[in-house]
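Hi,

Here is the structure I said I would pass on. Have a look at it first, and my notes on what turned up follow underneath.

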Number of protein chains: 2
Amino acid sequence: MPPKTRLHRAAFQGELGAFSHEAALRFLGRNCVVQPCQRFEEVFAALQDGKVDAAVIPIENTLHGSVHENYDHLLQFDHTIIAETNVRIVHNLIAPPGVGYKAIRRVFSHPVALNQCLRFLAENPAMERVPFYDTAGSVKMVMEQGLTDAAAIASAVSAGIYGARILRRSIEDDRQNFTRFFLLRRNNQRPLQLDETGKKGWKTSLVFTTRNQAGSLFKALSAFALRDLSLTKIESRPLRGKPWEYLFYVDLLGSVEEQRVQRALGHLQELADMLRVLGCYRV
Amino acid sequence: MPPKTRLHRAAFQGELGAFSHEAALRFLGRNCVVQPCQRFEEVFAALQDGKVDAAVIPIENTLHGSVHENYDHLLQFDHTIIAETNVRIVHNLIAPPGVGYKAIRRVFSHPVALNQCLRFLAENPAMERVPFYDTAGSVKMVMEQGLTDAAAIASAVSAGIYGARILRRSIEDDRQNFTRFFLLRRNNQRPLQLDETGKKGWKTSLVFTTRNQAGSLFKALSAFALRDLSLTKIESRPLRGKPWEYLFYVDLLGSVEEQRVQRALGHLQELADMLRVLGCYRV
């Protein structure tokens, strides 16, 4: 008999078969129970309300950039980032069984996915791109509606889930196409046992605002640079109610358990109007 | 007789009556000839191909953040930013004449505009939000189709252009809602005579990449901070082909004619793999 393990329930945005679904399985194992949500805000709210015990969100893509809305939600909700994973995004042209390549006149997918298959779409001018709310959801829809002139662009997994057929594999413009996902928990939840094989370092994510003065971002970054802490990402977002002022989201290599990180945070606290650690996790 | 003035032809994204249209009129005067385009890329291309002699693009909104796609196009095309202007975004509920407030079941607008009227939409749950490609375009569409259960969210100007009626004025959640627009010209075009009343300073926009080393962004920003140059904006975008590396777009207060700015650029050049000045303009 297999050992008794606790099943986790994780929310993500999109339909079954979405890349976020794949990320959830990677974080929590094949046996986790998933709860698809329509919007990112619902994913954060489901975790807050205790409907799930974890949430999976995309935070950035190497081609399209950051998922800015999720940066905003990270600030708005009081969750903690407990893990990250990078999923390679492979897009496929997927149609109902019996629908041939030449019959395709419309291609449904999330605007980001359509934007990542521009060469394929340019080579196939007969295929009109139709933005849809979700990649896997577009597979579900062309199947449910039994469309005979339409295809979807989505993951290979989603073709399997909905019983559709892959007409062309890997039609993305750029193979350097990865999405970084976060696994979130409520702040007061006890730690999760995660498979962290091969992970040797730590990353800490934080958000801060600086005073609106000359050189304030430079001074804020000095808290890290003077302690030889590497930043892997910086993202600015508008500060609500203060036009032309910004929040800065920073990822740094290091753990909040390390003294130099603690000192850097203490130093930044002196310079920042607001500072919050969003999470510390293995990389 | 009025003095003979040269008319300018400016491209912008959206339909007549879009906020970009308003920005174009502000930049170039009421007599400028406008060329609406469907996509931002077409706006940049129309300028490149000489179909217009100026282009107007939104670059950031104080609530929604940057228009990241346009940052990417600024790099991809060889245009120059020659002016900026901030337009206050006032959203209105607009319907065909004869359609009353209580009849409205669907509200069409650009996703950004819908997202900026969340309180109004929450107070009116009977109104389903329908994302559309453009604010003013949604007014045009509800008028052309003579919809009797639909309204659009758009500028007051667009109601006038399409003969529609404003049912509710200023329904945006936040009055601190401004969009910053750039006026672009080709690099080799001669200077334009612009109305720059009240503008006393200069701003310079640039883009650079740093070597992927600890502290490299900090060092890059030192080129400005050590010369007391204020940055008003920093934006990071993914660097294509190099996953998890970034381009940085920076706006600083100062002109490329000033010696300290020239020295800062020289210093940054030592540290940066790539550096390009995107424009220098009055503020």
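Before the notes, one cut-off: a residue is called buried if 20 or more other C-beta atoms lie within 10 Å of its own. By that count, 46% of the 283 residues of chain A are buried. Do keep in mind that this is a predicted model.

Chain A on its own first. Its secondary structure comes to nine helices and 15 strands. The C-alpha trace spans about 65 × 55 × 35 Å along the principal axes. The radius of gyration is 21 Å, which agrees with the value near 19 Å that a compact globule of 283 residues would have. If you take the contacts in chain A with a separation of 6 or more, 72% of them join residues 24 or more positions apart.

The domain assignment splits chain A into domain 1 (9–88 + 177–186), domain 2 (92–168) and domain 3 (202–282). The C-alpha centres of domain 1 and domain 2 of chain A are 24 Å apart. Where these two domains of chain A meet, 10 residues of domain 1 are in contact with 15 residues of domain 2. The domain 1 side of that contact has four nonpolar, four polar and two charged residues.

Now the two chains together. Chain A and chain B each put 27 residues into their contact. On the chain A side, the elements giving two or more residues are H8 and strand S13 (231–238). S13(A) gives the most, with seven residues. Sorted by class, the chain A side has 12 nonpolar, 10 polar and five charged residues.

The bit I'd look at is helix H8 (residues 216–225), where the copy in chain A packs against the copy in chain B at an angle of about 145°, with the axes 10 Å apart. The crossing of H8(A) and H8(B) is left-handed. From H8(A) the contact uses Leu217(A), Phe218(A), Leu221(A), Ser222(A) and Ala225(A), and from H8(B) it uses Leu217(B), Phe218(B), Leu221(B), Ser222(B) and Ala225(B). That makes eight nonpolar and two polar residues, with no charged ones. As for that spacing, an α-helix has 3.6 residues a turn, so residues three or four places apart point the same way.

How enclosed is H8(B) by the rest of the structure? Largely, because nine of its 10 residues are buried. Among them are Leu217(B), Phe218(B), Leu221(B), Ser222(B) and Ala225(B), along with Lys219(B).

Cheers

Technical notes. Residues numbered from 1 in each chain as written. Chains lettered and ligands numbered in written order. Predicted model: local features only at pLDDT ≥ 70, side-chain atom pairs only at ≥ 80, totals over all residues. Axes fitted to C-alpha atoms, helices over the stretch in contact; angles between N-to-C directions. Helix = DSSP H or I, 4+ residues; strand = E, 2+ residues; numbered from the N terminus. Left-handed = near helix turned anticlockwise from the far one by under 90°. Contact = placed C-beta atoms within 7 Å. Nonpolar A, V, L, I, M, F, W, Y, C, P; charged D, E, K, R; others polar. Buried ≥ 20, exposed ≤ 12 C-beta atoms within 10 Å, placed from the backbone. Rg over C-alpha atoms; globule rule 2.2 N^0.38 Å. Domains from an automatic or database assignment.
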